[in-house]
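Welcome to this structure, and thanks for taking a look. Below are some numbered notes to read alongside the view.

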Amino acid sequence: VHTECGVTESREKSLQEILPHVSRETLEDLFAFETLFRKWSKAINLASPSTLDQLWERHILDSAQLYRLAPDAKVWLDLGSGGGFPGVVLAIFLKQSVGSRINLVESNSKKAAFLRTAIGQASAPGTVHAARIDAVWQKIAPPEIITARALASLKELFVLAEPWLIGGATALFQKGRDYRREIDETRDDWTFDLVEHRSVVDKDSVVLQISNLCRL
């Protein structure tokens, strides 16, 4: 029991280093999501098995840092939500902000079922769309913030998110150490404003904040 207490405390502390004012309810929702994730992971592949030992740091904290970058945004969209990173984590944070909501797009029906279960368990303001991204372009109104994590190259992400980005949305795309090459690959086809945020979880990763996207 003491060990379990210590683990909970260290997780709470690690989250508060990123977001100092986290409510008890938010913490408990995140712990419950982690438990649910581990349970479903035994049946369907929600994340790389090699990362499950570091689920809290590698996935939950990594997702939580996005909320820190746009705490006042009310309307979010997560593309290729997979196992719920960052979509479900963001939905849990958005519970504390009246009128906030997030749309999660995931074409894999088993993963979409998991996402609906996770959102329902947390009573979070999220809607899951079990469809391809290009099939929901007309259905989802432009959000303030678009997220995507481990989904596609930056060049491909621009094509997938273009309808919303040209409508005034800002993207927060999480990228690994090879991100500069990905940025260079977009320069022939697109212009955009870029802010690089160093990841607070992994020193080799970044969050690319992209706005004013325009096709050349």
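1. What radius of gyration does the chain have, set against that of a compact globule with 216 residues? Please keep in mind that this is a predicted model. The radius of gyration is 17 Å, and because a compact globule with 216 residues would have one near 17 Å, the chain agrees with that expectation. For a sense of its extent, the C-alpha trace spans about 60 × 35 × 35 Å along its principal axes.

2. Next, the secondary structure. The chain has 7 helices and 7 strands. Following the sequence from its start, you meet them in the pattern α-α-α-β-α-β-α-β-β-α-β-α-β-β.

3. Now for the inside and the surface. Of the 216 residues in the chain, 50% are buried. The exposed area of the chain comes to about 10600 Å², and carbon and sulfur atoms supply 49% of that area. If we take the contacts between residues at least 6 apart in sequence, 69% of them join residues at least 24 apart. As for charge, the chain holds 26 positive and 28 negative charges, and the mean positions of these two sets are 4 Å apart.

4. A good place to zoom in is Phe-85. You will find Phe-85 in the loop between strand E1 (75–79) and helix H4 (87–94). Is this residue, Phe-85, buried or exposed? Its relative accessible area is 6%, so Phe-85 is buried, the cut-off for buried being under 20%. Beyond its neighbours within four places in sequence, Phe-85 is in contact with Phe-33, Phe-37, Leu-55, His-59, Ile-60, Ser-63, Asp-78 and Arg-149. Ser-100 comes 15 residues away from Phe-85 along the chain, and the C-alpha atoms of the two are separated by 18 Å.

5. Stay with Phe-85 for one more look, this time at its backbone. What kind of peptide bond joins Phe-85 and Pro-86? The bond is cis, with omega about 5°. Pro-86, like its partner, has its place in the loop between E1 and H4. As background, most peptide bonds are trans.

6. Two further backbone details deserve a glance. Most residues other than glycine have a negative phi. Ala-150, however, has a positive phi, near 55°. Ala-150 sits in the loop between strand E4 (145–149) and helix H6 (154–165), and its relative accessibility of 80% means that Ala-150 counts as exposed. Asn-212 also has a positive phi, near 50°. Asn-212 is part of strand E7 (residues 206–215), and with 54% relative accessibility Asn-212 counts as exposed too.

7. Finally, have a look at His-129. This residue, His-129, belongs to strand E3 (residues 126–129). Why does His-129 count as buried? Its relative accessibility is 18%, and buried means under 20%. Setting aside residues up to four places away in sequence, His-129 touches Asn-103, Leu-104, Val-105, Glu-106, Val-136 and Ile-140. With one of these, Asn-103, the side chain of His-129 makes a polar contact of 2.7 Å.

Note on methods. Residues numbered from 1 in each chain as written. Predicted model: local features only at pLDDT ≥ 70, side-chain atom pairs only at ≥ 80, totals over all residues. Heavy atoms only, no water. Helix = DSSP H or I, 4+ residues; strand = E, 2+ residues; numbered from the N terminus. Buried < 20%, exposed > 50% of the residue type's maximum accessible area, 1.4 Å probe, protein only. Polar contact = N/O pair within 3.5 Å; in protein donor to acceptor, adjacent residues only side chain to side chain. Contact = heavy atoms within 4.5 Å. Rg over C-alpha atoms; globule rule 2.2 N^0.38 Å. Areas by Shrake-Rupley, 256 points an atom, 1.4 Å probe, with all protein chains shown as cover. Lys, Arg positive; Asp, Glu negative; His and termini not counted. Charge placed at Lys NZ, Arg CZ, Asp CG, Glu CD.
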